[in-house]
Structures are given as C-alpha cells and as structure tokens.
Amino acid sequence: MDECPRCQRSLEKLTLGEVSTITCPHCEYADIPVEHEPDEEDAESWRDAFNRFYEE
C-alpha cells in the first residue's frame, strides 16, 4: 500500500461488497470523493425554511 498523505504511515484498503476505499487507521484519513459545491446558488434562509415547513 501507499503512504498516507497526512501522516506518511501505511494505508489500508477497506471493501464492502463492490465498494472500496483507502483509509489510514492512524490519523483517520479516508480517500472518499466529496462534492464541495452547493447544489443551489442561493441558500434558503432559516426563516424561509420554517415558513415553508409550517405552510405545508
């Protein structure tokens, strides 16, 4: 296995069915793809969310 990009210790591969990921048991690094872009351009305000909730 390769070295962890955070702590340079050994990584291990975890597999569940057909899905697998690389993780570091020492620093908890996980090679999991993540989307950091919001789905909506303008986030809904808390007030609007509560109003929508109570209207439904």
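## Exercises on an aromatic patch and a hairpin

Tyr-54 is exposed, its relative accessible area being 64%, in what is a predicted model.

**Exercise 1.** Determine whether Phe-53 is buried or exposed, and state in which helix Phe-53 has its place.

*Solution.* Begin with the secondary structure, where Phe-53 is found in helix α1, which covers residues 46–55. Next take the relative accessible area of Phe-53, which is 56%. Since the class "exposed" requires a value over 50%, Phe-53 is therefore assigned to the exposed residues.

**Exercise 2.** Classify the geometry of the ring pair formed by Phe-53 and Tyr-54, and name the residues that make the nonpolar surface patch.

*Solution.* Two aromatic pairs are counted by the ring-centre rule. For Phe-53 and Tyr-54, the ring centres are 5.1 Å apart and the planes stand at 75°. Pairing asks for centres within 6.5 Å, and planes over 60 degrees apart count as edge-to-face, so the pair of Phe-53 and Tyr-54 is edge-to-face. Turning to the surface, Trp-46, Phe-50, Phe-53 and Tyr-54 make a nonpolar patch of about 610 Å².

**Exercise 3.** Describe how strands β1 and β2 are joined, and identify which residue of the hairpin takes a positive phi.

*Solution.* Strand β1 spans residues 12–16 and strand β2 residues 19–23; the two run antiparallel and are joined by five bridges. One can then follow a single partnership across the strands, in which Thr-15 has Ser-20 of β2 as its bridge partner. Finally, two residues lie between the strands of this hairpin, and Gly-17 adopts a positive phi near 65°.

Key:
Residues numbered from 1 in each chain as written. Predicted model: local features only at pLDDT ≥ 70, side-chain atom pairs only at ≥ 80, totals over all residues. Heavy atoms only, no water. Pairing = 2+ DSSP bridges. Helix = DSSP H or I, 4+ residues; strand = E, 2+ residues; numbered from the N terminus. Patch = residues over 30% accessible without salt bridge, like charges linked within 9 Å, V, L, I, M, F, W, Y side chains within 5 Å. Areas by Shrake-Rupley, 256 points an atom, 1.4 Å probe, with all protein chains shown as cover. Salt bridge = Lys/Arg side-chain N within 4 Å of Asp/Glu carboxyl O. Buried < 20%, exposed > 50% of the residue type's maximum accessible area, 1.4 Å probe, protein only. Phe/Tyr/Trp six-rings, centres within 6.5 Å; stacked < 30°, edge-to-face > 60°.
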